[in-house]
Amino acid sequence: MSRDDRAQNSSFRYRDGVLHAEAVDLSGLAARFGTPLYVYSRTAIEQAYAGFARALSDTPHLICYAVKANGNLAVLQTLARLGAGFDIVSRGELERVLRAGGDPQRIVFSGVGKSADEIQRALQVGIRCFNVESAAELERINTLAMAMQTRAPVALRINPEIQAQTHPHIHTGHATSKFGIHAVIAEQVVRRALELPGVRFIGLACHIGSQITDLAPYAEAWRCVVTLADRYAALGARLEHVDFGGGIGIRYRDEIIPSMAKFVATARDALGERRLQLLIEPGRALVGAAGILLTRVEYLKTTPHAKLLVTDAGMTELLRPSLYDAWHEVREVAPGTDAAIYDVVGPVCESADVLARARRLAVQAGDLLAIMDCGAYAASMGSNYNSRPRPAEVLVDGTHTALVRRRETLADLMSLDELPA
Ligand code: LLP
């Protein structure tokens with residue numbers, strides 16, 4: 001697909017030479033809300049969800065959106081209204097889902113470090129399932145549930161020891177990872193789960209990594225999980241579901257992404273005739289392409305080695321290029337005529353604060369750029385480093401724009417500090 005085909009394929013396209021989010025002119029949004037600004041397309045989120053739901057229509061399933069990708073309440077509400085479930089990893093994410101109208105019965109709780117407070121709150125609201133990541137966590141959940149005179153629904157997250165081809169920071173299913181219970185030692189945890197009075201062992205889960213573009217590691221991991229499900233059923237487990245995790249990639253540059261249909265066919269293949277509900281936990285694939293980061297060029301700077309565009313957004317708004325060497329497309333909102341090759345750098349005082357290297361762009365100081373595919377892991381990984389207020393976030397739906405998070409003020413930045421008496 002060429003760059004232009006791609007532009008015409010998403011919710012972000014040029015109309016009369018200006019990039020739009022759905023029917024809304026991005027330069028108008030910058031004038032109204034300022035920059036940097038995150039802009040999300042509700043239609044794009046709805047379409048991505050519908051793609052998964054359609055592909056899964058013949059299989060009993062639950063799509064549990066991974067909240068860590070983007071926890072904005074309006075994003076969560078959009079998905080809750082479509083009937084989505086949620087994969088959470090903290091009390092903060094739990095409270096966000098509840099506030100956005102998410103159904104507690106559709107929440108699965110992942111993460112290796114669930115605190116007592118987090119477990120109690122999840123038991124109190126009645127979540128669907130804890131994805132248990134260690135023997136010690138199982139014991140803690142059991143104790144807390146018994147004290148509350150309830151039984152906690154648990155799945156064991158299996159580490160199938162699969163090497164997915166992705167950036168080393170974001171694959172999680174390999175042998176030395178901290179995640180999940182290694183398949184080879186899971187049986188003793190299962191036996192314990194079956195005898196503990198405070199837990200109900202209802203499922204197996206796995207999640208092997210993120211931005212995965214190849215189905216082979218999935219097939220291998222999922223086969224491992226269902227094989228274990230059979231074995232544990234023989235030990236007396238009454239499993240209700242398997243959770244095949246998230247991680248399906250999106251096209252940032254030229255990656256070839258397997259179709260939703262193939263992804264689902266691979267899952268169904270692994271599942272075979274087993275009567276287990278299928279849970280999946282996509283994050284990026286639901287929201288990644290549904291957002292952009294709008295930024296203004298503050299300066300053109302020429303060094304003996306390169307031409308730089310210094311933008312008002314940097315690693316505080318989009319950490320992925322600094323942290324993973326990730327590539328995000330950069331587009332001019334209103335392309336000019338004089339193109340040159342630029343590095344796009346942020347204002348943060350770190351050498352790693354580079355958003356993109358060697359891009360051909362036709363811009364001048366004061367012009368706007370759109371950093372594409374910033375719906376996932378952009379705002380949610382943002383920080384206040386260098387005392388930079390977090391940007392506003394807007395949600396576009398057709399011709400309508402809603403401010404869904406206001407820009408932080410300088411007062412917000414200092415509001416939690418105290419001067420000692
Ligand atoms: N389920 C679990 C248990 C996870 O840990 C994750 C992501 C997901 C689901 C959703 O994965 P997704 O479908 O979004 O790939 N910050 C990195 C990605 C880290 C992903 C962490 N876990 C990035 O910006 O690429």
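The buried residues of helix α6 are covered by elements that include α5 (91-99), β7 (107-109), β8, α7 and β9. This is a predicted model, and the tour opens at this helix.

**Stop 1: helix α6**

Select α6, which spans residues 116-125. Its buried residues are E118, I119, R121, A122 and L123. Displaying them together with the elements named above shows what surrounds this side of the model. Then move to G126, which follows α6 and has a positive phi near 80°.

**Stop 2: helix α7**

Next, select residues 135-147, which form helix α7. The helix holds 13 residues, and the distance from its first C-alpha to its last is 19 Å, close to the 18 Å expected at 1.5 Å a residue. Colour E137, L138, I141, N142, L144 and A145, the residues of α7 that are buried. In an α-helix there are 3.6 residues a turn, so residues three or four places apart point the same way.

Which elements pack against the buried residues of α7? They are α6 (116-125), β8 (129-132), β9 (152-159), α8 (186-195) and β11 (199-205). Helix α6 thus appears again, having been the previous stop.

**Stop 3: the pair α7 and α8**

Keep α7 on display and add α8. Two packed helices are described by the angle between their axes and the distance between the axes. The axes of α7 and α8 cross at roughly 10° and come within 10 Å. This angle makes α7 roughly parallel to α8. To see the contact, show A135, L138 and E139 on the α7 side, which meet V189, R192 and A193 on the α8 side. By class, four of the residues in this contact are nonpolar, none is polar and two are charged. L138 belongs to this contact and is also one of the buried residues of α7.

**Stop 4: Q149, after α7**

Follow the chain out of α7 to Q149, in the loop between α7 and β9. Most residues other than glycine have a negative phi, and most peptide bonds are trans. Q149 is not a glycine, yet its phi is positive, about 50°. Is Q149 buried or exposed? Its relative accessibility is 76%, so Q149 counts as exposed.

**Stop 5: Q211, before α9**

Now select Q211, in the loop between β11 and α9. Q211 is another residue other than glycine with a positive phi, in this case near 55°. With a relative accessible area of 11%, Q211 is buried, whereas Q149 is exposed.

**Stop 6: the pair α9 and α10**

Select helix α9 (residues 215-234) and helix α10 (residues 260-271). Their axes come within 9 Å and cross at roughly 25°. At that angle, α9 is roughly parallel to α10. The crossing of these two helices is right-handed. Show the side chains of L215, Y218, A219, W222, R223 and V226 in α9, which meet K262, F263, T266, A267, A270 and L271 in α10. Nine of the residues in the contact of α9 with α10 are nonpolar, one is polar and two are charged.

**Stop 7: the pair α3 and α10**

Leave α10 in view and add helix α3 (residues 42-55). Here the axes are 9 Å apart and the packing angle is about 40°. That angle makes α3 oblique to α10, while α9 is roughly parallel to α10. The crossing of α3 and α10 is right-handed. G51, F52 and A55 of α3 make the contact with M260, A261, F263, V264 and R268 of α10. The residues of this contact comprise six nonpolar, one polar and one charged. F263 takes part here and in the contact with α9 as well.

**Stop 8: M260**

Centre the view on M260, in helix α10. M260 is partly exposed, at a relative accessible area of 25%. Leaving aside residues up to four places away in sequence, M260 touches G51, F52 and A55. Draw a distance from M260 to A53: their C-alpha atoms are 9.7 Å apart, although 207 residues separate the two in sequence.

**Stop 9: T35 and P36**

For the last stop, select P36, in the loop between α2 (26-33) and β4 (37-41). What kind of peptide bond joins T35 and P36? The bond is cis, with omega about -10°.

Key
Residues numbered from 1 in each chain as written. Predicted model: local features only at pLDDT ≥ 70, side-chain atom pairs only at ≥ 80, totals over all residues. Heavy atoms only, no water. Helix = DSSP H or I, 4+ residues; strand = E, 2+ residues; numbered from the N terminus. Expected span 1.5 Å × (residues − 1). Buried < 20%, exposed > 50% of the residue type's maximum accessible area, 1.4 Å probe, protein only. Contact = heavy atoms within 4.5 Å. Axes fitted to C-alpha atoms, helices over the stretch in contact; angles between N-to-C directions. Parallel < 35°, antiparallel > 145°, perpendicular 65-115°, else oblique. Left-handed = near helix turned anticlockwise from the far one by under 90°. Nonpolar A, V, L, I, M, F, W, Y, C, P; charged D, E, K, R; others polar.
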